[in-house]
Amino acid sequence: MGVSSFLPHLRHIKVTDTIVTDQTMTLVALTARKRAQCPLYHRWSKQVHSRYGRTIRDLPWAGRPVVIHVQVRRFFCRNARCLRRIFAERIPDLVDVRGRLAHPLRRALRRVGLALGARAGDRLAAPLGLPTRPRTLLRMLHALPEPEVLTPRVLGLDDFSFRRRLVFGTILIDLETRRVVDLLPERSVAVVAHWLRAHPGVAIAARDRNGSYAEGVRQGAPDAIQVADRFHVTQNVVEALERLLLHHDAARKQAAQILLPPSPLRPLAPWEQRAQAVSHQRQAPTVTTYERVWAMRAQGHDIAHIARTVGVGRPTVYRYLSMDRPPTRIRRPQRARRPIDPYVPYLLHRWDEGCRNARPTLARDPRHGLHAIQPDRGPPTHRLAPSGAERPQPDAAAQGESVDRAPGRLPVHRAA
Ligand SMILES: [Zn+2]
């Protein structure tokens with residue numbers, strides 16, 4: 001049995017010597033064929049010009065990395081019109097034209113790289129006798145052709161952002177294989193329709209509630225069935241339930257009493273009592289309106305008349321009549337106060353005036369209660385500070401009055 005039967009990539013070289021050390025195994029070889037073919041016009045030649053050595057790495061034997069030192073020849077081209085005149089013979093079964101890795105080793109490294117990536121692949125390859133470098137693995141992966149993507153039968157469309165909340169693209173996913181099919185630079189009707197026309201065969205398109213995807217699918221794949229994707233169906237249900245439950249406060253509380261263990265009664269803290277009183281006070285007009293709506297309805301007035309008399313829209317009248325008690329106040333979460341908040345109106349004013357540079361603005365304009373501070377020591381830095389107070393006065397804080405709220409010092413335009 002010849003070597004070439006189980007090592008077919010070595011069939012065109014003749015191994016003349018084998019040197020085995022603890023670390024490596026080296027094969028010394030010659031090319032086996034008598035003649036070679038010019039790469040330009042494919043004419044065969046036997047006329048040897050010179051010889052040179054090539055070093056090629058191969059798969060390990062018994063854990064030892066294998067190096068093949070093979071002597072290759074240069075030939076004269078026998079075609080008088082050939083521009084090459086001299087060409088080097090090739091060993092296409094073993095290695096690429098200028099390659100240093102035998103095909104089997106290259107394939108093995110590529111698989112390692114695909115499975116693990118460059119760094120982890122490098123860590124695994126070394127003890128297996130496949131010496132490489134992370135960068136080599138990366139280069140191999142980048143050189144791979146793009147996998148051909150078949151047009152999915154069930155296509156998911158959704159948006160993603162290149163720049164958060166500023167620039168959006170469209171991601172297309174094969175929902176059966178759960179693989180990303182393509183990324184589009186926009187989320188416009190035209191881009192989606194163009195892609196679908198270029199990839200016919202989508203039977204079902206799952207999308208969000210964005211109208212441009214609906215229109216894009218209608219234009220690009222008119223036969224496809226459009227469905228709302230699971231995420232957005234759930235989101236719709238949650239939003240609808242929230243709207244519904246807001247109007248059935250009593251039932252909600254009753255359900256909570258049944259479902260939740262009774263909590264021990266705790267006296268309200270003074271601030272909670274004050275907050276509750278303010279809340280009741282603010283809700284009073286709503287309660288009055290609600291009661292007037294019901295009273296007028298009981299007297300038999302029609303909706304339009306009630307709305308006109310009470311001074312609310314007809315949808316509100318319908319809503320109040322569908323509720324078994326006055327609507328409760330919906331508290332919006334309060335945004336944390338930012339250090340820059342007191343200065344925002346002034347900064348916007350300067351921006352509108354055309355100023356785009358923070359430092360000169362603040363340094364030049366003390367009349368608005370802002371100026372830049374140059375500390376006596378340390379690196380020059382600019383700080384916002386109220387005029388007349390170069391630094392926050394410690395006693396102001398001690399009096400329970402925060403400096404940036406001190407009246408008369410700053411243009412604070414916040415509604416109380
Ligand atoms: Zn030639």
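User: Which two strands flank the loop where His42 is found?
Analyst: Welcome! This is a predicted model, so to speak of local features we need pLDDT of at least 70, side-chain atom pairs count only at pLDDT 80 or more, and totals for chains, interfaces and linings use all residues. Residues are numbered from 1 along each chain as its sequence is written. Strands (E, at least two residues) and helices (H or I, at least four) are DSSP runs numbered from the N terminus. The loop with His42 runs between strand 3 (36–37) and strand 4 (44–45).

User: Is His42 buried or exposed?
Analyst: A residue is buried if 20 or more other C-beta atoms, placed from the backbone, lie within 10 Å of its own, exposed if 12 or fewer, and partly exposed in between. Around His42 there are 8 other C-beta atoms within 10 Å, so His42 is exposed.

User: What is the phi of Arg178, roughly?
Analyst: Most residues other than glycine have a negative phi. Arg178 sits in the loop between strand 9 (167–174) and strand 10 (179–184), a hairpin with 4 residues between the strands. Arg178 is not a glycine, yet its phi is positive, about 60°.

User: Which strands stand at the edges of the open sheet?
Analyst: Two strands pair if DSSP finds at least two bridges between them. Here 5 strands form an open sheet with mixed pairing, in the order 10-9-8-11-12. Each edge strand has a single partner, so one side of it is left without a neighbour in the sheet; the edge strands are strand 10 and strand 12 (225–228).

User: How many of the 6 residues of strand 10 are buried?
Analyst: Strand 10 pairs with strand 9 in the antiparallel sense over 5 bridges. Strand 10 lies largely in the open, because the number of its residues that are buried is 0.

User: Which residue is the bridge partner of Leu155 in strand 9?
Analyst: Strand 8 (residues 154–163) and strand 9 run antiparallel, joined by 8 bridges. Asp174 also has a partner in strand 10, namely Arg179. For Leu155, the partner in strand 9 is Asp174.

User: What angle does helix 5 make with strand 10?
Analyst: Contact means that the C-beta atoms of two residues, placed from the backbone, lie within 7 Å. Axes are lines fitted to C-alpha atoms, for helices over the stretch in contact, and angles between N-to-C directions run from 0 to 180 degrees. Helix 5 (residues 189–198) packs on the sheet, touching strand 8, strand 9 and strand 10, and its angle to strand 10 is about 130°.
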